[in-house]
Amino acid sequence: MTVEPNTKPIPEEFQDIAPYNDVQFKEKLKQLVTEPGFEHAVRYVMPDVDYPKFVDDLMKVSTQDQFQRYVMGRFLELLERNTTDGISIDGLENCDVPGASFTFITNHRDIVLDASFLNLNFIRRDMPITQVAIGNNLLIYDWITDLVKINRSFIVKRDVKMVAALEAAKQLSAYIHYTIGTLHESVWIAQREGRAKDSNDLTQESLIKMLSLAGGGSVKANIMRCNLCPVSISYEYDPNDYLKAREFLLKLRDPHFKKSQRDDLFSMETGILKYKGRVMFRVAKCINPELEKFTSDNRQEVIREACRLIDNAIHAGYEIYQCNYIAYDELHDTKEFADHYTAADVEKFSAYINQQLDKVDLTDITPDERDYMRRMMLTMYANPLKNKLQVTCASS
């Protein structure tokens, strides 16, 4: 599709969080390619790259849309070939509506790739690409900030003090409403801050409260103006599963344990570059018609209903793989889903779990601690099935 260059000035109240427009794009791109950190990252991901030629090709790109479609799109296709067994999407008819803009709200499986792979699906079908919410905790270098804002990401301010947090939430809410209602562009946002370590995906009420702050109407009207469209993301294998198990163990040893920036960077690298198996996106219908039926005017009840509708749609949309059935049966000591896998599947998955646990780089892991990490990894793979079953049973 042909997208006109975005030369609209960014309103002053959004300049510190909004993506760059196409007037700023070329200048920021010229600066970016001279950054040693950016060059290192490119060479890390593409070891055989001819970097000077890569830069020459990059400088021929004149708009963000071209950058996303022809630079990032090709990079994501490379990742798909090298780290997955294919990326699929269902339910596009629910969002392929001419002139409509949505807030795509998804479960959070990967720090970087959730929105990127969703946009790859849109690129392949010549559909508009979304703007992307990204936490400022990941922007540890100025060049990373430039890269994400060139790539049409907007900034979510995290770890700010109480009064500043309310102002940041109001600013973010106003920007999302501005993007949907004035720019007529879609956005992506995760249903919670940070990934659910145990894959028990639940929407944070604070996120929906944030969306309700702007719009000028009732809480329900403001939420509906965001056109929330839930999307389920299902990875067959989570490259970060052993890192999550490691974190569970460290928190068991020390309840005050907190990850470092290095941990976050390593999680990003692992999520991007390591094997994921099959990947499925499933787009549900916008929640507006169902939320419209909700008659309560109580602010908290409206927010909880919006969360319930999002969670049910995401849980119902999971793609369930053999590993999910195996993990559920082993965790619950049952053979309930034995017809969904073979003995060879069990052996393969057990070997995978042990292989991942062997990567945990902690000293003096006791047999009980390894067993604990194994149970937590099984829980990660069992929870999508558990949640899908609960939604299915409730609706039948």
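Four worked exercises on this predicted model follow.

Residues are numbered from 1 along each chain as its sequence is written. Local features need pLDDT of at least 70, side-chain atom pairs count only at pLDDT 80 or more, and totals for chains, interfaces and linings use all residues, while side-chain values use heavy atoms, without hydrogens and water.

**Exercise 1. Find which residues have the most contacts inside the largest nonpolar core, and which helix gives its largest share.**

Solution. Start with the term: a nonpolar core is a set of buried Ala, Val, Leu, Ile, Met, Phe, Trp, Tyr and Cys residues joined through side-chain atoms within 4.5 Å. Buried means under 20% relative accessible area, exposed over 50%, partly exposed in between (1.4 Å probe, protein chains only). The largest core has 123 residues, and Phe104, Ile208 and Phe349 have the most contacts inside it. Helix 16 (residues 367-395) supplies the largest share, 9 residues. Helices here are DSSP runs (H or I, at least four residues), as are strands (E, at least two), numbered from the N terminus.

Now take Ile208. Leaving out residues up to four places away in sequence, Ile208 touches Ile105, Thr203, Ile223, Leu228, Ile303, Ala306, Cys307 and Ile310. Contact means heavy atoms within 4.5 Å.

**Exercise 2. Place strand 2 (residues 103-106) among its partners, and say which residues are on each face.**

Solution. Check the faces. Thr103 and Ile105 lie on one side, Phe104 and Thr106 on the other, and all are buried. Next, the pairing: two strands pair if DSSP finds at least two bridges between them. Strand 2 runs parallel to strand 5 (residues 187-190), with 4 bridges. Thr106 has Ala190 as its bridge partner there. Strand 2 also runs parallel to strand 6 (residues 228-235), again through 4 bridges. In strand 6, Cys229 is the bridge partner of Phe104.

**Exercise 3. Decide whether Ser199 is buried or exposed.**

Solution. Locate Ser199 in the loop between strand 5 and helix 8 (205-211). Read its phi: near 60°, positive in a residue other than glycine. Then apply the cut-off. Ser199 has a relative accessible area of 4%, so Ser199 is buried.

**Exercise 4. Decide whether Asp364 is buried or exposed.**

Solution. Asp364 sits in the loop between helix 15 (343-357) and helix 16. Its phi is positive too, about 60°, although Asp364 is not a glycine. The relative accessibility of Asp364 is 69%, so Asp364 counts as exposed.
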